[in-house]
Amino acid sequence: MSSFSKISSRLTREVIMLLFTLQASALADWQGRMKITGYSDSKPPVTHIREARIYAKPRFQRIDFLGRKSVSIIFDFAKGKTWELDPLKRVAVNNANPQIVLPYKSCKTSDIKECFKGAKLTGNDVVNGHPCEIYERDTDGKDPVKMKFKIWHPTDLKEIEAIKYQFFNDERLVGSVEILDIERAAQDDSLFEVPQNYSIRTHR
């Protein structure tokens, strides 16, 4: 089993599914820090926290997980693919799992409601100094897991779809994602490409 499979079985899988289910796409070049929190339903409950760096540009996102399992994941939303990069083994795994890869949908900054098609505007909030609109939506019958999402869209960073997510299973909060220290900056194309000295594998 790849390191991707081991990590994704707990928390990272939900994050990947969240991004694709929300039809996430970058509308501009930017970067930031990501805090991912998962909540177990065990007794006593256990909280899992992961830190990562996130990089984005139109059509792509990249997450570099920090810590002991420091893998990177590249999202190509136009092609509906994810790549796991293992820097220690110099291996790139093309994840072609239909339970993770969902159809890409384009989004325009001039119509933010198109980005959250199917979501309902339910309130307003301030997250890390950014005024936000809160949207909520449930997964539809085509999604592999029935979940509910809350999405915080920053109205002062219109090119960025969301800086906070929460996702629920049967009304129970199971995870959250916060994007911090956001910086608008040009991102090099090489960040979103598989290095030439990596061997290629396919995980199905």
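**Figure 1. Arg 50 sits in strand 2.** In this predicted model, we start with a charged residue that is worth a second look. Arg 50 is buried, yet it makes no salt bridge. Which side chain of opposite charge is nearest to Arg 50? That is Glu 51, and it lies 9.3 Å away. A salt bridge would need the charged atoms within 4 Å, so Arg 50 and Glu 51 do not form one. What the side chain of Arg 50 does reach is the backbone oxygen of Leu 66, at 3.2 Å.

**Figure 2. Met 34 and its contacts.** Arg 50 also turns up in this view, as one of the residues touched by Met 34. Leaving aside residues up to four places away in sequence, Met 34 touches Glu 51, Ala 52 and Ile 54 as well, together with Ile 63 and the run Val 177, Glu 178 and Ile 179.

**Figure 3. The largest nonpolar core has 30 residues.** Met 34 belongs here too: along with Ile 63 and Phe 65, it has the most contacts inside this core. Many strands give two or more residues to the core, among them strand 1 (30–39), strand 2 (47–57), strand 3 (60–65) and strand 4 (72–76). From further along the chain come strand 8 (130–138), strand 9 (148–154), strand 10 (164–169) and strand 11 (172–184). A second, separate core holds 8 residues, including Phe 60, Ile 74, Trp 83 and Phe 192. As general background, nonpolar side chains in soluble globular proteins tend to be buried together.

**Figure 4. Ile 163 lies in the loop between strand 9 and strand 10.** Is this loop residue buried or exposed? Ile 163 has a relative accessible area of 1%, and because buried means under 20%, Ile 163 counts as buried. Its contacts, again without residues up to four places away in sequence, include Val 127, His 130, Cys 132, Trp 152 and Pro 154. Ile 163 also touches Val 177, Glu 178, Ile 179 and Ile 182. With Ile 179, the C-alpha atoms are separated by 4.9 Å, although the two residues are 16 apart along the chain.

**Figure 5. The whole chain, for orientation.** To place the close-ups, here is the protein chain with its 2 helices and 12 strands. From the N terminus on, the elements run α-β-β-β-β-β-β-α-β-β-β-β-β-β. Of the 204 residues, 48% count as buried. The accessible surface comes to about 10,600 Å², and 48% of that surface belongs to carbon and sulfur atoms.

Methods: Residues are numbered from 1 along each chain as its sequence is written. This is a predicted model: local features need pLDDT of at least 70, side-chain atom pairs count only at pLDDT 80 or more; totals for chains, interfaces and linings use all residues. Side-chain values use heavy atoms; hydrogens and water are left out. A nonpolar core is a set of buried Ala, Val, Leu, Ile, Met, Phe, Trp, Tyr and Cys residues joined through side-chain atoms within 4.5 Å. Buried means under 20% relative accessible area, exposed over 50%, partly exposed in between (1.4 Å probe, protein chains only). Helices (H or I, at least four residues) and strands (E, at least two) are DSSP runs, numbered from the N terminus. Contact means heavy atoms within 4.5 Å. Accessible areas come from the Shrake-Rupley method with a 1.4 Å probe; for residues, only the protein chains shown count as cover. Lys and Arg count as positive and Asp and Glu as negative; His and the chain ends are not counted. A polar contact is a pair of N or O atoms within 3.5 Å; within protein, one must be able to donate a hydrogen and the other to accept it, and residues adjacent in sequence count only if both atoms are side-chain atoms.
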